[in-house]
Amino acid sequence: MSQEQLQQLKTRALDEIKKVSDQNQLQNLEIKYLGRKGELTKILRTVGELPEAERGKMGDLANQVKQVLASEIGRVKKSLSEKGAGAVEENEWIDVTASKVKDGFGHLNPVSKIQYELEDIFSSMGFMVLDGPELESEYYNFEALNIPSWHPAREMQDTFYVEGDGLLMRTHTSPMQVRTMEKYGAPLRAIVPGRCFRNEATDARHEHTFYQLEGFMVDKNISMANLKAVLEVVAKKLYGPETHLRLRPKYYPFVEPGVNGEVTCFLCKGKGCRLCKNIGWLEIFGAGLIHPNVLKAGGINPEKWSGFAFGFGLTRLAMLKYGIDDIRLFCSGDIRFLNQF
Ligand code: DAH
């Protein structure tokens, strides 16, 4: 090989290196020229066989070419990996005088808004705010809440069972009643907002994933009067001071007595309208005095302590408050929906 040919090899190699667009191509070139059987390596090996007069010059030149190629490959390698990490390439440029593109700020989901509002109201009354597991045991979701496996109330909650070990996706936030009693004992005040799941055929009013907010208080001599007093404060804070609250009997296995909580419709102030279906009242929670069996399951003596519990449908509250008529929008991830709140 002549010096001229060596120069040509250098030019060709540099040219090819300049054109690579990823690490793979670059590696192939590295092998092609500098690898054990690479073109340049072969030349370097044969330098020793040259006549003495040429040997020195060719050797120097070949080594020089090797260094130039190696350093160019190193430079491109670095630039490619920086580019991969989002860095600006040398030949790209930034116009620092350009006006900034307005970043869209994210929006809270309307359910989160209601949740934070309720968290503020309840914490101002001394309630802890707790989180509970979404993957729950059959025991806490049902048994501990006075719903044994034969109980027809299980049918009211279509359940996603998870294979193995009596696990399911919680159908309500109520399981946290017993978990919290076990952990903190009495007296106790806590709320638990969170995601719940039911095996529903979805439509505008039914969704497999929705939000509830559970609350409970255990202390000496707790009665329905305490329940009503606390929830009346909440209703007035949520919907204004003119709001009334009424409790009507309803069966839930984990409370006795059990009630439905209804507030005067905030849209028509109780006169009757489309929102309240002309009834004047909106049902917003289930509640009652905690059943002695549930207190016992939580390790609390029902002879000494009593308590009330309630469960708000957070998703339902958001639908009512913002006039949202399709529950499926909440978890749709559609930014056009969220942008409205
Ligand atoms: N867990 C009930 C449900 O999902 C709601 C509920 C009703 C919670 C009464 C309570 C309660 O704490 O006392 O339908």
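**View 1. Strand 7 and strand 8 run antiparallel, joined by five bridges.** This close-up comes from a predicted model, as do the views that follow. The two neighbours, strand 7 and strand 8, form a hairpin, and five residues lie between them. To find your way across the pair, start at leucine 247: the bridge partner of this residue in strand 8 is glycine 261. Strand 8 covers residues 255-264. How many of its ten residues are buried? Eight of the ten are, so strand 8 is mostly covered.

**View 2. Strand 8 also pairs with strand 9, in the antiparallel sense.** Eight bridges hold this pairing. A handy landmark here is a pair of glutamates: glutamate 262 stands opposite glutamate 283 of strand 9. Follow strand 9 along and you will also meet isoleucine 290, which lies in this strand. Is isoleucine 290 buried or exposed? Its relative accessible area is 5%, and because buried means under 20%, isoleucine 290 counts as buried. For a sense of distance, look across to proline 175: its C-alpha atom and that of isoleucine 290 are separated by 13 Å, although the two residues are 115 apart along the chain.

**View 3. Seven strands make up an open sheet with mixed pairing.** Reading across the sheet, the order is 1-5-6-10-9-8-7. Which strands stand at the edges? They are strand 1 (128-129) and strand 7 (245-249); each has a single partner strand, so one side of each is left without a neighbour in the sheet. Further into the order, strand 6 and strand 10 pair over eight bridges in the antiparallel sense. Leucine 213 is a good place to look, since its bridge partner in strand 10 is phenylalanine 312.

**View 4. A second open sheet has three strands in the order 2-4-3.** Its pairing is antiparallel. The edges belong to strand 2 (135-137) and strand 3 (161-162), each with a single partner strand, so one side of each has no neighbour in the sheet. Strand 4, residues 167-169, runs antiparallel to strand 3, and two bridges join them. Here valine 162 stands opposite leucine 167 of strand 4.

**View 5. The ligand is surrounded by 16 residues.** Which of them are closest? They are His172, Ser174, Arg198, Gln212 and Glu214. Three side chains are worth picking out. In histidine 172, a side-chain N or O atom is 2.9 Å from a nitrogen atom of the ligand. In arginine 198, a side-chain N or O atom is 3.0 Å from a ligand oxygen, while in glutamate 214 the separation between such an atom and a ligand oxygen is 2.7 Å. The ligand taken alone exposes 350 Å², and the protein buries 91% of that. Strand 6 (209-219), strand 9 (281-290) and strand 10 (306-313) are the elements that give two or more residues to the shell. By class, that shell holds six nonpolar, eight polar and two charged residues.

**View 6. Two domains divide the protein.** Step back for this last panel: domain 1 takes in residues 3-83, and domain 2 takes in 110-338. Taken over C-alpha atoms, the centres of domain 1 and domain 2 are separated by 72 Å.

Key:
Residues are numbered from 1 along each chain as its sequence is written. This is a predicted model: local features need pLDDT of at least 70, side-chain atom pairs count only at pLDDT 80 or more; totals for chains, interfaces and linings use all residues. Side-chain values use heavy atoms; hydrogens and water are left out. A residue is near a molecule or strand if one of its heavy atoms lies within 4 Å of it. A polar contact is a pair of N or O atoms within 3.5 Å; within protein, one must be able to donate a hydrogen and the other to accept it, and residues adjacent in sequence count only if both atoms are side-chain atoms. Accessible areas come from the Shrake-Rupley method with a 1.4 Å probe; for residues, only the protein chains shown count as cover. Helices (H or I, at least four residues) and strands (E, at least two) are DSSP runs, numbered from the N terminus. Ala, Val, Leu, Ile, Met, Phe, Trp, Tyr, Cys and Pro count as nonpolar, Asp, Glu, Lys and Arg as charged, and the others, Gly among them, as polar. Domain bounds come from an automatic or database domain assignment. Two strands pair if DSSP finds at least two bridges between them. Buried means under 20% relative accessible area, exposed over 50%, partly exposed in between (1.4 Å probe, protein chains only).
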